Amino acid sequence: MSLSKLIDKLIHTVINMKIGIVGLGLIGGSLAIAFKKAGLEIIGVSRKATTCATALERQMVDQASTDFSILNGADVVFVCTPIDYVIPTAKALIPHLKPTAILTDVASVKGTMVQAIAPLWQNFVGGHPMAGTAEQGIDAALENLFIGAPYVLTPIETTPQIAIDTLQSLIEILESHFYICAPDIHDQSVAWISHLPVYVSASLISACLKEANPDILNMAKSLASSGFRDTSRVGGGNPELGLMMAQYNKKALRRSLHAYQQELNQVIELIEADNWEAIKTLLQETQNQRGTFL
Ligand code: NAP
């Protein structure tokens with residue numbers, strides 16, 4: 001069978017699946033809306049009864065409860081709780097799953113999750129949709145959040161192929177771009193493009209605030225415009241998310257921070273040495289290469 005026919009067949013199969021979603025917030029709620037729109041049956045679980053009632057009222061889910069036992073018929077379950085609840089949530093819901101159920105999570109760090117959950121459930125595949133907004137909770141859920149966004153799975157050697165293929169078909173229903181890599185490759189990659197920028201941007205704001213001359217600081221605040229808006233945006237975001245990036249992706253973030261520190265030291269040396277040729281070459285290279293990331 002050709003690959004496209006196989007994928008069509010899998011999509012046909014997953015359309016008839018029951019999807020469990022735990023944590024009906026921005027990501028979980030958006031997954032519920034997108035899968036429901038595609039005709040899948042959705043079972044929602046959330047911490048608050050009011051959130052479950054809202055999800056039912058808005059027809060984001062077919063059933064909803066605060067009790068994990070409602071997931072006993074689910075074919076695939078997405079854990080979409082805040083990152084520090086992913087492992088305890090997986091541990092608590094596993095006893096309620098049927099033996100063939102596929103379990104996945106959406107947390108933005110993968111090594112810790114895979115290491116803790118894969119030994120408990122063979123059909124577990126770590127996942128991370130690279131989509132989001134600054135909002136949180138069920139009211140932030142959006143129908144088209146995942147369209148055109150990358151969605152990466154991080155299986156390990158023992159992950160059954162059928163679990164990966166099933167999730168790939170679901171990701172295709174979301175119209176996301178599918179990627180696959182090892183958990184540590186994921187964590188180092190997001191350290192570079194997501195977690196390091198938060199700490200670079202936060203350090204920028206913090207360094208500006210340490211300006212000792214109040215006249216300079218006040219004038220800097222008055223003059224700050226589009227450049228500062230762009231470079232400070234992620235450092236001015238949700239502190240809890242930034243903290244969790246450092247706590248759960250410490251090794252990869254430290255590696256990127258040290259490399260960045262070396263880069264800054266080199267720039268300082270070049271400027272002190274009036275090596276304008278080298279500075280120009282550096283800036284030409286970064287101008288040329290920026291587009292390869294975006
Ligand atoms: P969120 O909007 O706060 O949603 C999480 C929801 O989980 C909350 O609305 C809460 O609903 C529910 N919840 C909290 N604790 C729970 C528990 N112990 N058991 C069951 N439900 C619980 O957060 P989010 O932005 O969707 O993030 C969820 C996950 O997605 C995180 O692991 C994060 O790393 C990942 N992620 C986030 C983004 C992003 O940009 N935000 C992007 C990619 C991946 P109630 O309390 O109302 O029931």
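Pro150 has His177 as its bridge partner in β8. The structure is a predicted model: local features need pLDDT of at least 70, side-chain atom pairs count only at pLDDT 80 or more, and totals for chains, interfaces and linings use all residues. Residues are numbered from 1 along each chain as its sequence is written, and side-chain values use heavy atoms, with hydrogens and water left out.

**Sheet**

Strand β7 (residues 150-154) runs parallel to β8, and four bridges join the two. Strands pair if DSSP finds at least two bridges between them. Strands (E, at least two residues) and helices (H or I, at least four residues) are DSSP runs, numbered from the N terminus.

Eight strands make up an open sheet. Their order is β3-β2-β1-β4-β5-β6-β7-β8, with mixed pairing. At the edges sit β3 (63-65) and β8 (177-180), each paired on one side only. On average, neighbouring strands of this sheet are turned by 20 degrees against each other, direction ignored.

Helix α4 (residues 86-93) lies across β1 (18-22), β4 (76-79) and β5 (102-105). Contact here means heavy atoms within 4.5 Å. The helix runs at about 150 degrees to β4. Axes are lines fitted to C-alpha atoms, for helices over the stretch in contact; angles run from 0 to 180 degrees between N-to-C directions.

**Helix pair**

Two packed helices are described by the angle and the distance between their axes. Helix α7 (residues 183-209) and helix α11 (residues 250-272) have axes that come within 9 Å and cross at roughly 60 degrees. The two are therefore oblique to each other. Angles under 35 degrees count as roughly parallel, over 145 as roughly antiparallel, 65 to 115 as roughly perpendicular, and the rest as oblique.

Which residues make the contact? From α7 come Asp187, Gln188, Ala191, Trp192, His195, Leu196, Tyr199 and Val200. From α11 come Ala252, Leu253, Arg255, Ser256, Leu257, Ala259 and Tyr260. They divide into ten nonpolar, three polar and two charged. Ala, Val, Leu, Ile, Met, Phe, Trp, Tyr, Cys and Pro count as nonpolar, Asp, Glu, Lys and Arg as charged, and the others, Gly among them, as polar.

**Positive phi**

Two residues other than glycine are listed here with their phi values.

| Residue | Phi | Loop |
|---|---|---|
| Gln59 | about 55 degrees | between α3 (49-57) and β3 |
| Asp274 | near 50 degrees | between α11 and α12 (276-289) |

Is Gln59 buried or exposed? Gln59 counts as exposed because its relative accessibility is 59%. Buried means under 20% relative accessible area, exposed over 50%, and partly exposed in between (1.4 Å probe, protein chains only).
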